[in-house]
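Ready for some practice with empty space in a protein? Work through the exercises below, and try each one before you read its solution.

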Amino acid sequence: MSHQLPYVVIVGGGFGGLAAAKALRKTAANVILIDRTNHHLFQPLLYQVATSVLTPSQIATPIRSILRNQKNTTVIMGEVTGVDKEQRYVTVSDADQQDVPVAYDYLILATGASHSYFGHNEFAAYAPGLKTLADAEAARNKILQAFELAEAEEDPTRHRDLLTFVLVGAGPTGVEMAAALAVFVRNTLKSDFRRIDPASARIVLVDMAPRVLGPFSESLSKAATKRLEKLGVEVRLGHGVDLIDAEGVVIAGERIASKTVIWTAGVAPSPAGKWLNAETDRAGRVRVQKDLTLPGHSEIFVVGDTAAFDQNGKPLPGVAQVAIQQGSYAGELIHNRIVGNPPPPAFSYFDKGSLAVVGKGFAVLQSGKVQVSGFGAWLTWAAVHLQFLATSSLRLSVFLQWVWTYMTEQRGDRLIVSQHDPQVMKPALDATLKATVAGR
Ligand SMILES: Cc1cc2nc3c(=O)[nH]c(=O)nc-3n(C[C@H](O)[C@H](O)[C@H](O)COP(=O)(O)OP(=O)(O)OC[C@H]3O[C@@H](n4cnc5c(N)ncnc54)[C@H](O)[C@@H]3O)c2cc1C
């Protein structure tokens, strides 16, 4: 690391941060990328880990391995806790050290978003979200464990809550997850149990919006709903959840008993707005200028889910393409400044379209005036997602897994991996043992 060169600090190794780092690969600068995890995560496929299609390592890659050939870049695993705009440093904490200052000449904040429970943070204990690899593994454990507990349970009336899965939020994540779960229980698990019928599982998708897949057109939303219903998903729209507790959910006064509730609704931006003491939009995202800088601070950039940027009078959506294009833009602008080139024109998002998959062999695609649903859209979905995975080894491994799953209905990772807690299985096993002893 040369002390003569400018320091570019990037916070976040997600889509935005990684794109920024790559845009700076030939820049004469010390680039420091800081992330609280050691991996770049492909969030669009998180639901496939939660539903056992893929393993965690198929959708995430160590950031330092992605950037190993980029000699001007140092990767630090640590949690950024604040920014001093005047002295130009960020504070970073890890397991060993607290609030260590890391100085910058240019700063790119790409810290993404987290769950929002719309003011009901008490729901979090019963309805975990799907944002990190740990979340996806926890959801997978919970889903698989529900079937194990139901199989070991003597009292069939208890099966309904164990085999009822509620997904709160019918945006792309909720729809994709509900459909994948339906295919999983009806196809993959169908021969694996003796005392329960996994196909009898109830999957409920809830949203207060009047239709699923809000960002898509009405006709694609209808096509997706039809498909979900064909897969056996119960779609409950027009009313949100009033309550979530250990026994399940209450929707419009009706209690649905469920041991597995997953939150696939709102997102809240990271605390970057607070660190910067900056103006934010209603959702808390930092308002940036046309070149993605903070007003009054041409050296600070905010990109991706944590930035608010209006184009044609509308805020850009929190999607991977926006983050990638903004990250690349910020990297390119900093490069131009360092080498003395004129800045690129104001940032403009190029929308390549949106895709959502609804179970095996079916997706919806919307790109400009093009609106397609069905198998062709699903092939496009598969090709696009493979293309955007971080490394060629992941592309190959995910492609092979998808072909295998498509042909055999078998999934990649059905292991329940959690701390052994004998109490969890005890009541069910006691009953099973009693029955065995009584039957002897
Ligand atoms: C389940 C799910 C499904 C999705 N599906 C799609 C889809 O199909 N298509 C699509 O286009 N988009 C999808 N999205 C949205 C897309 O993933 C985001 O828009 C995109 O990840 C935003 O990129 P980003 O760089 O802003 O943030 P992220 O990719 O979230 O990266 C943020 C990074 O910052 C790090 N970080 C956060 N805070 C700190 C801190 N204090 N200190 C250090 N590091 C920090 C995080 O660890 C993370 O690595 C989905 C999102 C989710 C959660």
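**Exercise 1.** Into how many nonpolar, polar and charged residues does the lining of the second largest pocket divide in this predicted model?

*Solution.* Start with the groups: the lining has 16 nonpolar residues, three polar ones and four charged ones. Next, look at the whole set, which holds 23 residues. Those closest to the pocket's centre are Q48, W378, W381, W402 and Y406. Tryptophan and tyrosine both count as nonpolar, so W378, W381, W402 and Y406 belong to the nonpolar group.

**Exercise 2.** Which element gives the largest share of the lining of the second largest pocket?

*Solution.* First, list the elements that supply two or more residues: α2 (46-50), α6 (172-188), α10 (375-388) and α11 (392-408). Then pick out the top contributor: α10, with six residues. The space they help to enclose comes to about 430 Å³.

**Exercise 3.** How many cavities of 30 Å³ or more does a search of the whole structure find, and which residues line the largest cavity?

*Solution.* Step one: the search turns up one such cavity, and the largest cavity has a volume of about 30 Å³. Step two: its lining is made up of R285, G304, A307, A308, F309, L316, P317, G318, V322 and Q326. Step three: sort them, and you get six nonpolar residues, three polar and one charged. Arginine counts as charged, so R285 is the charged one. Last step: β22 (307-308) and α9 (320-339) each provide at least two of the lining residues.

Terms used:
Residues are numbered from 1 along each chain as its sequence is written. This is a predicted model: local features need pLDDT of at least 70, side-chain atom pairs count only at pLDDT 80 or more; totals for chains, interfaces and linings use all residues. Side-chain values use heavy atoms; hydrogens and water are left out. On a 1 Å grid over the protein atoms alone, a cavity is a set of points where a 1.4 Å probe fits but cannot get out, and a pocket is an open set with protein on both sides within 12 Å along at least five of seven lines; lining residues have an atom within 4 Å of a point. Grid points are joined across faces, edges and corners, and a volume is the space filled by probe spheres set on the points. Helices (H or I, at least four residues) and strands (E, at least two) are DSSP runs, numbered from the N terminus.
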